[in-house]
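Here is a set of short exercises to work through with the viewer open. Each one has a task, followed by a solution that goes step by step.

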Amino acid sequence: MKKVLIALLFTIVVGTVSAQEGGKQKLENAKIGLITNRLNLTVEQSQEFWPVYNEFDGKKKEIRKQMRKLIAETNTLTTPDEKILSNIRETLNLQQKEVDLEREYMNKFLKVINVRQLAELYKAEQMFTQMLLHRLNKKATPERSN
(Lines give C-alpha, C1' and ligand atoms only; values in the text may rest on other atoms or scores of the structure.)
Protein backbone atom coordinates (compact mmCIF):
# COMPACT_ATOMS: atom_id res chain seq x y z
CA MET A 1 0.00 0.00 0.00
CA LYS A 2 2.81 2.40 0.88
CA LYS A 3 4.50 1.77 -2.47
CA VAL A 4 1.27 2.61 -4.27
CA LEU A 5 0.93 5.86 -2.31
CA ILE A 6 4.56 6.76 -2.98
CA ALA A 7 4.07 6.07 -6.69
CA LEU A 8 0.95 8.25 -6.63
CA LEU A 9 2.83 11.04 -4.87
CA PHE A 10 5.66 10.73 -7.37
CA THR A 11 3.16 11.03 -10.22
CA ILE A 12 1.81 14.17 -8.61
CA VAL A 13 5.34 15.56 -8.27
CA VAL A 14 6.17 14.73 -11.87
CA GLY A 15 3.05 16.49 -13.08
CA THR A 16 3.64 19.51 -10.92
CA VAL A 17 7.25 20.07 -11.92
CA SER A 18 6.13 20.81 -15.47
CA ALA A 19 3.16 22.90 -14.40
CA GLN A 20 3.78 26.63 -14.61
CA GLU A 21 0.93 28.04 -12.56
CA GLY A 22 0.78 27.06 -8.91
CA GLY A 23 3.72 24.71 -9.35
CA LYS A 24 5.37 25.65 -6.05
CA GLN A 25 2.19 25.01 -4.09
CA LYS A 26 1.65 21.66 -5.77
CA LEU A 27 5.21 20.67 -5.01
CA GLU A 28 4.75 21.64 -1.39
CA ASN A 29 1.53 19.62 -1.25
CA ALA A 30 3.30 16.58 -2.70
CA LYS A 31 6.11 16.99 -0.16
CA ILE A 32 3.61 17.25 2.69
CA GLY A 33 1.85 14.13 1.46
CA LEU A 34 5.09 12.17 1.23
CA ILE A 35 6.26 13.24 4.69
CA THR A 36 2.87 12.56 6.28
CA ASN A 37 2.77 9.10 4.73
CA ARG A 38 6.34 8.18 5.63
CA LEU A 39 6.09 9.41 9.23
CA ASN A 40 2.66 7.87 9.80
CA LEU A 41 1.71 10.85 11.97
CA THR A 42 -1.20 10.63 14.36
CA VAL A 43 -3.72 13.48 14.28
CA GLU A 44 -2.24 14.90 17.48
CA GLN A 45 1.32 14.65 16.18
CA SER A 46 0.33 16.22 12.88
CA GLN A 47 -1.20 19.24 14.62
CA GLU A 48 2.03 19.84 16.53
CA PHE A 49 4.50 18.70 13.88
CA TRP A 50 3.53 20.84 10.89
CA PRO A 51 3.91 24.28 12.51
CA VAL A 52 7.39 23.28 13.76
CA TYR A 53 8.34 21.77 10.38
CA ASN A 54 7.07 24.79 8.43
CA GLU A 55 9.08 27.13 10.63
CA PHE A 56 12.18 24.96 10.17
CA ASP A 57 11.66 24.64 6.41
CA GLY A 58 11.20 28.40 6.02
CA LYS A 59 14.43 29.15 7.88
CA LYS A 60 16.31 26.52 5.88
CA LYS A 61 15.00 27.92 2.59
CA GLU A 62 16.14 31.40 3.59
CA ILE A 63 19.66 30.18 4.34
CA ARG A 64 19.82 28.36 1.01
CA LYS A 65 18.52 31.44 -0.81
CA GLN A 66 21.37 33.46 0.69
CA MET A 67 23.88 30.78 -0.37
CA ARG A 68 22.56 30.77 -3.95
CA LYS A 69 22.89 34.55 -4.06
CA LEU A 70 26.51 34.39 -2.90
CA ILE A 71 27.34 31.66 -5.38
CA ALA A 72 25.75 33.64 -8.21
CA GLU A 73 27.81 36.72 -7.26
CA THR A 74 30.97 34.62 -7.22
CA ASN A 75 30.43 33.08 -10.64
CA THR A 76 31.36 36.11 -12.69
CA LEU A 77 34.64 36.68 -14.49
CA THR A 78 34.86 40.26 -13.25
CA THR A 79 34.47 39.48 -9.55
CA PRO A 80 37.60 40.54 -7.65
CA ASP A 81 39.49 37.81 -5.80
CA GLU A 82 38.81 39.47 -2.43
CA LYS A 83 35.06 39.35 -3.07
CA ILE A 84 35.23 35.71 -4.15
CA LEU A 85 37.11 34.79 -0.98
CA SER A 86 34.66 36.77 1.14
CA ASN A 87 31.72 35.00 -0.51
CA ILE A 88 33.32 31.59 0.04
CA ARG A 89 33.79 32.38 3.73
CA GLU A 90 30.21 33.62 4.02
CA THR A 91 28.94 30.49 2.26
CA LEU A 92 30.80 28.35 4.81
CA ASN A 93 29.24 30.42 7.61
CA LEU A 94 25.80 29.83 6.10
CA GLN A 95 26.47 26.10 5.84
CA GLN A 96 27.35 26.08 9.53
CA LYS A 97 24.20 28.05 10.26
CA GLU A 98 22.20 25.37 8.43
CA VAL A 99 23.84 22.60 10.49
CA ASP A 100 23.09 24.54 13.69
CA LEU A 101 19.48 24.92 12.55
CA GLU A 102 19.25 21.16 11.94
CA ARG A 103 20.52 20.47 15.47
CA GLU A 104 18.14 22.99 17.02
CA TYR A 105 15.11 21.60 15.22
CA MET A 106 16.08 17.99 15.82
CA ASN A 107 15.38 18.66 19.50
CA LYS A 108 12.13 20.46 18.69
CA PHE A 109 10.99 17.59 16.47
CA LEU A 110 11.77 15.04 19.15
CA LYS A 111 9.30 16.78 21.45
CA VAL A 112 6.56 15.97 18.91
CA ILE A 113 7.66 12.80 17.10
CA ASN A 114 9.78 9.82 18.11
CA VAL A 115 13.32 9.11 16.96
CA ARG A 116 12.21 6.61 14.29
CA GLN A 117 9.83 9.16 12.83
CA LEU A 118 12.65 11.72 12.83
CA ALA A 119 14.84 9.31 10.88
CA GLU A 120 11.95 8.80 8.44
CA LEU A 121 11.59 12.56 8.10
CA TYR A 122 15.18 12.86 6.95
CA LYS A 123 14.72 9.93 4.56
CA ALA A 124 11.48 11.41 3.18
CA GLU A 125 13.11 14.77 2.53
CA GLN A 126 15.98 13.06 0.74
CA MET A 127 13.57 10.87 -1.24
CA PHE A 128 11.56 13.91 -2.31
CA THR A 129 14.70 15.74 -3.45
CA GLN A 130 15.89 12.70 -5.38
CA MET A 131 12.52 12.36 -7.10
CA LEU A 132 12.64 16.00 -8.17
CA LEU A 133 16.21 15.73 -9.40
CA HIS A 134 15.40 12.55 -11.30
CA ARG A 135 12.46 14.25 -12.97
CA LEU A 136 14.47 17.36 -13.83
CA ASN A 137 17.30 15.25 -15.27
CA LYS A 138 14.79 13.28 -17.29
CA LYS A 139 13.37 16.53 -18.72
CA ALA A 140 16.85 17.91 -19.43
CA THR A 141 17.90 14.84 -21.42
CA PRO A 142 15.00 13.81 -23.66
CA GLU A 143 15.10 10.33 -25.08
CA ARG A 144 16.45 9.96 -28.58
CA SER A 145 14.41 8.13 -31.15
CA ASN A 146 16.72 6.17 -33.45
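**Exercise 1. A ring and its partner**

Is F49 buried or exposed, going by its relative accessibility? Then describe how F49 and Y53 are arranged as an aromatic pair.

*Solution.* Keep in mind that this is a predicted model.

Step 1. The relative accessibility of F49 is 1%, so F49 counts as buried. The cut-off for buried is under 20% relative accessible area.

Step 2. Apply the cut-off to the partner: Y53 has 2% relative accessibility and therefore counts as buried.

Step 3. Place the two along the chain. F49 and Y53 both belong to helix α3 and are four residues apart, which means about one helical turn separates them. An α-helix has 3.6 residues a turn, so residues three or four places apart point the same way.

Step 4. Now the ring geometry. The centres are 5.6 Å apart and the planes make an angle of 25°, which makes F49 and Y53 a stacked pair; planes under 30 degrees apart count as stacked.

Step 5. Widen the view. The whole structure holds nine aromatic pairs, and one aromatic cluster is formed by F49, W50, Y53, F56, Y105 and F109.

**Exercise 2. The nonpolar core**

Find which residues have the most contacts inside the largest nonpolar core, and which helices supply it.

*Solution.*

Step 1. The largest nonpolar core has 25 residues, and the most contacts inside it belong to I35, L39, F49, Y53, F109, I113 and L121.

Step 2. Assign helices: α2, α3 (43-74), α4 (81-110) and α5 (115-140) each supply at least two core residues. With eight residues, α3 gives the most to this core.

Step 3. Pick L121 and list its contacts, leaving out residues up to four places away in sequence. L121 touches I35, L39, F49, Y53 and F109.

Step 4. Set this against the whole protein. Of the contacts between residues at least 6 apart in sequence, 73% join residues at least 24 apart. Buried residues account for 32% of the 146 residues.

**Exercise 3. Two helices against the ruler**

Compare the spans of α2 and α5 with the values expected at 1.5 Å a residue, and look at how each helix is bounded or capped.

*Solution.*

Step 1. The protein has five helices and zero strands.

Step 2. Helix α2 (residues 23-39) has 17 residues; its first and last C-alpha atoms are 24 Å apart, close to the 24 Å expected. Buried residues of α2 include A30, L34, I35 and L39.

Step 3. Just after α2 comes N40, which has a positive phi near 50°.

Step 4. Helix α5 has 26 residues and should span 38 Å at 1.5 Å a residue; the end C-alpha atoms are 38 Å apart, so the two values agree. Among the buried residues of α5 are L118, L121, A124 and F128.

Step 5. At the N-terminal end of α5, N114 acts as the cap, with a side-chain oxygen 3.0 Å from the backbone nitrogen of R116.

**Exercise 4. A buried threonine**

What does the side chain of T74 make a polar contact with?

*Solution.*

Step 1. T74 is found in helix α3. Its relative accessible area is 18%, so T74 is buried.

Step 2. The side chain of T74 makes a polar contact with the side chain of N87, at 3.0 Å.

Step 3. Setting aside neighbours within four places in sequence, T74 is in contact with T79, I84 and N87.

How values were computed: Residues numbered from 1 in each chain as written. Predicted model: local features only at pLDDT ≥ 70, side-chain atom pairs only at ≥ 80, totals over all residues. Heavy atoms only, no water. Expected span 1.5 Å × (residues − 1). Buried < 20%, exposed > 50% of the residue type's maximum accessible area, 1.4 Å probe, protein only. Contact = heavy atoms within 4.5 Å. Core = buried A, V, L, I, M, F, W, Y, C linked by side-chain atoms within 4.5 Å. Polar contact = N/O pair within 3.5 Å; in protein donor to acceptor, adjacent residues only side chain to side chain. Phe/Tyr/Trp six-rings, centres within 6.5 Å; stacked < 30°, edge-to-face > 60°.
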